[in-house]
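Here is a short tour to read with the model open beside you. Take the topics in any order you like.

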Amino acid sequence: MFIETIKRPELLEAIIHSIDEAIHVVDASGITIFYNDRAAQNDGISIHDALGKHVLDIFPSLNKENSTLLKVIESGQPIYQQHQSFTNIRGKLIDTVNTTVPIYSGTKLIGAVEIAKDLSTVKQLSQKLIDLQSSVVSQQKPSLTTGATYTWDDLITQDAQMLKLIERAKKAAATSSPIMVYGETGTGKELVVHSIHQSSKRAKESLIAQNCASLPSTLLESMLFGTKKGSYTGAVDRAGLIELAHGGTLFLDELNTMPLDFQSKLLRVLEDGVIRRLGGSQSYQTDVRFVVALNEHPHVCMEKGILRRDLYYRLNVCLLEIPPLRERKADIPLLMEHFRKKYNYTFQKLVTQIDEDVLELSSRYYWPGNVRELEHVVEYAMMMTEGDAIHLDHLPAYLKQELMNHSSVKREQPERKRSLRKTLEETERTLIKEAIQEAKGNVLQAAKRLEIPRQTLQYKLQKLHITYEEGRT
């Protein structure tokens with residue numbers, strides 16, 4: 001009934017004007033034919049001033065080369081997730097992420113539409129966070145308190161592979177060289193990084209951490225490099241995270257999500273330690289130890305094109321690969337006991353044991369969320385128990401279902417002796433050995449035969465413990 005009382009075009013226009021994204025539509029000649037309220041707010045002009053006018057008349061600072069709308073009209077190809085930072089006519093700095101796509105009628109291009117998400121508020125909040133962090137760090141400088149809270153004692157393990165990694169990490173911590181940490185989500189990368197800082201010569205200085213995920217390069221630049229007063233309306237002199245970490249450690253988590261255009265800027269800082277605040281002309285010499293973490297293997301990231309090779313080779317002085325929990329099953333009872341004690345204290349309970357059937361079934365679970373998932377399972381079980389022991393009934397429903405399914409498959413297929421992972425690993429080992437034999441020990445030629453990059457083959461040789469001599473036999 002409501003739809004009938006309002007014409008559909010009017011309803012559609014009302015909806016488009018009410019959404020939080022800026023929408024700008026032009027025809028094939030670049031003339032604005034639609035411009036919503038959010039776009040007008042961002043650009044600081046009225047809808048009336050924009051409609052019927054060419055893009056370059058509305059925005060004199062633009063030209064055919066840097067206008068995404070005109071680029072799309074000319075090329076007929078969409079532009080996705082383009083970061084843009086500009087000062088509107090009212091002097092307000094606007095940061096947006098734009099997606100611009102062509103509009104076709106059949107095969108004829110008739111215009112283009114640009115949808116922009118305003119990140120200005122997010123940026124302002126982030127800069128306030130930097131100010132707060134800066135003041136906290138400056139207040140804490142005289143004390144021994146830094147951003148690191150974990151030590152090697154917090155890494156609970158009896159796994160030989162994990163113990164070997166800790167020994168390598170301790171040796172690397174004694175230097176100031178960059179360190180790259182790889183591990184699946186929840187494996188404990190942050191614990192390793194904190195421990196490295198705590199056992200280094202920089203332990204009395206600050207550990208500054210920044211997660212790179214989902215942050216555009218314009219926001220990362222101001223956060224890491226700082227800003228200069230007057231660089232844009234409302235800008236003040238503000239130290240970036242690299243300056244705050246001077247003398248200490250800067251931890252960049254999920255480096256594989258950092259925009260490629262910013263990776264080149266980071267590379268320059270790694271080479272000489274010199275930074276320049278956004279909008280400033282003065283350079284600062286910094287002394288910072290860089291530690292980065294990835295939740296995808298760096299070789300995979302390079303193959304995907306999301307990690308620059310030159311940045312990888314600059315950072316990869318020491319690569320620490322944290323094994324997933326499913327490859328260190330002996331640690332599961334140890335970790336469950338550790339978390340039992342932790343949540344006894346947190347929840348003020350007196351749970352003294354974990355049933356053997358809980359431990360046995362937990363050892364058969366895949367643990368895709370690794371140690372973090374295991375901790376949450378124990379935390380939930382500790383919430384549910386009212387006695388002195390954790391039973392199967394106290395486990396989360398999804399975990400019990402997964403374990404029941406696993407047991408059912410095992411009963412139905414008793415003849416299956418090897419896991420899929422082991423089978424694939426043995427097949428991969430055989431193919432690699434054959435390729436090296438055929439290439440007479442030449443790794444480059446073997447990689448070409450296998451149709452994989454040379455770096456990937458070297459990684460697999462190391463992972464599968466295949467020596468060049470073994471491949472030649």
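**Briefing: loops, a helix and empty spaces**

Glu254 sits in the loop that runs between E10 and helix H12 (260-272). Its phi is positive, near 50°, although Glu254 is a residue other than glycine. Please keep in mind that this is a predicted model. The points below start with the protein as a whole and then move to single places.

**The whole protein**

- The protein is built with 22 helices and 16 strands.
- Of its 473 residues, 44% count as buried.
- Take the contacts between residues at least 6 apart in sequence: 66% of them join residues at least 24 apart.
- The protein has an accessible surface of about 25,500 Å², and carbon and sulfur atoms hold 53% of this area.

**Backbone angles to look at**

- Most residues other than glycine have a negative phi.
- Besides Glu254, a positive phi is found at Gln348, with a value of about 55°.
- Gln348 belongs to the loop between helix H15 (331-347) and strand E15 (353-354).
- Is Gln348 buried or exposed? Gln348 is exposed, because its relative accessible area is 74%, and the cut-off for exposed is over 50%.
- His465, which follows H21, also has a positive phi, near 55°.

**The largest pocket**

- Rolling a probe the size of a water molecule over the atoms shows where empty space is left.
- The largest pocket has a volume of about 1,400 Å³.
- It is lined by 39 residues, and those closest to its centre are Gln161, Glu321, Glu327, Tyr459 and Lys463.
- Two or more lining residues come from each of H8, helix H13 (298-304), helix H14 (309-315), strand E14 (318-321), helix H19 (420-438) and helix H21 (454-463).
- Which element gives the most to this lining? It is H21, with 7 residues.
- By class, the lining of the largest pocket holds 14 nonpolar, 11 polar and 14 charged residues.
- Within H21, the residues Thr456, Leu457, Tyr459 and Leu461 are buried; of these, Tyr459 is also among the residues closest to the centre of the largest pocket.

**The closed cavities**

- How many cavities of 30 Å³ or more are there? The count comes to 2.
- The second largest cavity encloses about 30 Å³ of space.
- Its lining is made of His299, Met302, Glu303, Arg309, Pro453, Gln455 and Thr456.
- H13 and H21 each supply at least two residues of this lining, and H13 gives the most, with 3 residues.
- The lining of the second largest cavity divides into 2 nonpolar, 3 polar and 2 charged residues.
- Thr456 of H21, a buried residue, is one of those that line this cavity.

**Helix H9 and the loop after it**

- Helix H9 (residues 189-198) is mostly covered, with 7 of its 10 residues buried.
- These buried residues are Lys189, Val192, Val193, His194, Ser195, Ile196 and His197.
- The cover over them includes H8, strand E6 (179-182), strand E7 (207-211), strand E10 (249-253), strand E13 (289-294) and E14.
- Ser200 is in the loop between H9 and E7.
- Ser200 has a relative accessibility of 10%, so it counts as buried, the cut-off being under 20%.
- A polar atom of the Ser200 side chain lies 2.8 Å from the backbone oxygen of His197, and a polar atom of the same side chain lies 3.2 Å from the backbone nitrogen of Arg202.
- Leaving aside neighbours within four places in sequence, Ser200 is in contact with Ala173 and Arg289.
- The C-alpha atoms of Ser200 and Ala174 are 5.2 Å apart, while the two residues are 26 residues apart along the chain.

**Thr157, in the loop before H8**

- Thr157 is placed in the loop between helix H7 (120-140) and helix H8 (160-173).
- Why does Thr157 count as buried? Thr157 counts as buried because its relative accessibility is 15%, and the cut-off is under 20%.
- The side chain of Thr157 reaches the backbone nitrogen of Asp159 at 3.0 Å.
- Apart from neighbours within four places in sequence, the contacts of Thr157 are Met162, Leu163, Ile166, Arg328, Asp331 and Leu334.

Technical notes:
Residues numbered from 1 in each chain as written. Predicted model: local features only at pLDDT ≥ 70, side-chain atom pairs only at ≥ 80, totals over all residues. Heavy atoms only, no water. Helix = DSSP H or I, 4+ residues; strand = E, 2+ residues; numbered from the N terminus. Buried < 20%, exposed > 50% of the residue type's maximum accessible area, 1.4 Å probe, protein only. Polar contact = N/O pair within 3.5 Å; in protein donor to acceptor, adjacent residues only side chain to side chain. Contact = heavy atoms within 4.5 Å. 1 Å grid on protein atoms, 1.4 Å probe; cavity = no way out; pocket = protein on both sides within 12 Å on 5 of 7 lines; lining within 4 Å. Points joined across faces, edges and corners; volume = space filled by probe spheres on them. Nonpolar A, V, L, I, M, F, W, Y, C, P; charged D, E, K, R; others polar. Areas by Shrake-Rupley, 256 points an atom, 1.4 Å probe, with all protein chains shown as cover.
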